[in-house]
Amino acid sequence: MSLNSDDSRIQKLIHYHYKKNKHLSPVFDAEDLYQETWIRLNESSETPPAVPAGLSEEDLVGQAVGRAAEKVFGKLRKRSQRKTAGEVQLECDPADCLPDTDLILDLRKQINDLPSDERLVIEMMRSGYEGAEIASCLHVSRQSVSRRKHKALRRLREVLGDEAR
Amino acid sequence: MNQQKVTSKICGSREECAPVLEQVLSFWSSDLTNDLPEEVHEHLLGCCSCIRVWIALEAASELASCDGSSSNLAG
Ligand SMILES: [Zn+2]
């Protein structure tokens, strides 16, 4: 199973557990819900090696970059299709657009180190939830959701440093 | 230009890239599919620095999903 399909599996599971437990929300803390999702996901993995045999961390990063580049260029292409043909040209050499491994590892660390309330908001947003849904699920105001999102993004922005000039 | 980072070609100016990167971060965090504003899209098509950050964010978040609290995920 590829990491890509795992990713969509995670999103589906979060979605499933969120929907399934929505009615319990007054007594069911969202943090528990999130953790339960991870636990069940782990339990459901039959063969759980963190790093597939023979693959170094650098290989994994390289693969992730490949998929990320595909996704990003795909989104740019899709967006370009809504414009006239003369305006769709990517002016950059894609090879110049690939990030350094160190930057990715720093970002990964920062994402993993995000306070759980901030990471949860980011994960849910990336899973397609809107601010109001997240606020309702976490029993916080929309402003609080927005604040957590912005705090998380600010932390990531700091990691980007000079890269994100 | 930073001489150590030979692979990090810089395209846009700091002033041009800063607002785009805010949008990229926001876009990355909310998984929107078709909502890149036109001016952001146009900038990205010509700015490898900003595309690089976006790719880095996507790759890092994929990797973060596969370790930390979910270190047993791959399979
Ligand atoms: Zn730029």
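**Group meeting talk: a walk through a predicted model**

Hi everyone. Let's start with helix H5 of chain A, where the buried residues are Glu118(A), Arg119(A), Leu120(A), Val121(A), Ile122(A), Glu123(A), Met124(A), Met125(A) and Arg126(A). Please keep in mind that this is a predicted model. H5(A) runs over residues 116-126, and with nine of its eleven residues buried, this helix is mostly covered. After H5(A) comes Gly128(A), with a positive phi near 105°.

Now let's step back to the whole of chain A. What kinds of elements does chain A have, helices or strands? There are seven helices and zero strands, so the pattern along the sequence reads α-α-α-α-α-α-α. Chain A has 165 residues, and 42% of them are buried. If we take the contacts in chain A with a separation of 6 or more, 64% of them join residues 24 or more positions apart. The accessible surface of chain A is about 9100 Å², and carbon and sulfur atoms account for 50% of that.

Next, the inside. Which residues have the most contacts inside the largest nonpolar core? They are Leu76(A), Leu44(B) and Ile55(B), in a core of 45 residues. Chain A contributes two or more residues from each of helix H3 (57-80), helix H4 (101-113) and helix H7 (142-160), and chain B does so from helix H1 (14-30), helix H2 (38-45) and helix H3 (48-65). H3(B) gives the largest share, twelve residues. The core lies between domain 2 (56-98) and domain 3 (99-165) of chain A, because both of them give residues to it.

Let's zoom in on Ile55(B). Leaving out residues up to four places away in sequence, Ile55(B) touches Val65(A), Ala68(A), Ala69(A), Val72(A), Phe73(A), Cys97(A), Leu98(A) and Pro99(A). Apart from this core there is another, of ten residues, which include Val121(A), Met125(A), Ala135(A) and Leu138(A). You may remember Val121(A) and Met125(A) from the buried residues of H5(A).

One partner of Ile55(B) deserves its own moment: Cys97(A). Where is Cys97(A) found? In the loop between H3 and H4 of chain A. Its relative accessible area is 0%, so Cys97(A) counts as buried. Besides Ile55(B), and again not counting residues up to four places away, Cys97(A) touches Phe73(A), Cys92(A), Cys48(B), Ile51(B) and Arg52(B). Cys97(A) and Ala69(A) are 28 residues apart in sequence, and their C-alpha atoms are 8.4 Å apart in space.

On to the metal. Which residues are the protein donors of the zinc ion? They are Cys17(B), Cys47(B) and Cys50(B) through SG, and His43(B) through NE2, at 2.1 to 2.3 Å from the ion. The angles among the four donor atoms are 105 to 116°, and the site is tetrahedral. In sequence, the donor residues follow the spacing C-x25-H-x3-C-x2-C. Cys17(B) in helix H1 and Cys50(B) in helix H3 of chain B are 33 residues apart, a pair that links distant parts of the chain. Are these two cysteines buried or exposed? Both Cys17(B) and Cys50(B) are buried.

One last stop, back in chain A. His139(A) sits in the loop between helix H6 (131-138) and H7. Although not a glycine, His139(A) has a positive phi of about 60°. Its relative accessible area is 46%, so His139(A) is partly exposed.

Thanks for listening!

Methods. Residues are numbered from 1 along each chain as its sequence is written. Chains are lettered from A and ligands numbered from 1 in the order in which they are written. This is a predicted model: local features need pLDDT of at least 70, side-chain atom pairs count only at pLDDT 80 or more; totals for chains, interfaces and linings use all residues. Side-chain values use heavy atoms; hydrogens and water are left out. Helices (H or I, at least four residues) and strands (E, at least two) are DSSP runs, numbered from the N terminus. Buried means under 20% relative accessible area, exposed over 50%, partly exposed in between (1.4 Å probe, protein chains only). Contact means heavy atoms within 4.5 Å. Accessible areas come from the Shrake-Rupley method with a 1.4 Å probe; for residues, only the protein chains shown count as cover. A nonpolar core is a set of buried Ala, Val, Leu, Ile, Met, Phe, Trp, Tyr and Cys residues joined through side-chain atoms within 4.5 Å. Domain bounds come from an automatic or database domain assignment. Donors are N, O and S atoms within 2.8 Å of the metal (3.2 Å for Na, K and Ca); water is not among the atoms, so sites may look incomplete. Four donors count as tetrahedral if all angles lie between 85 and 135 degrees; four count as square planar and six as octahedral if opposite donors are over 155 degrees apart and all others between 65 and 115; anything else is irregular.
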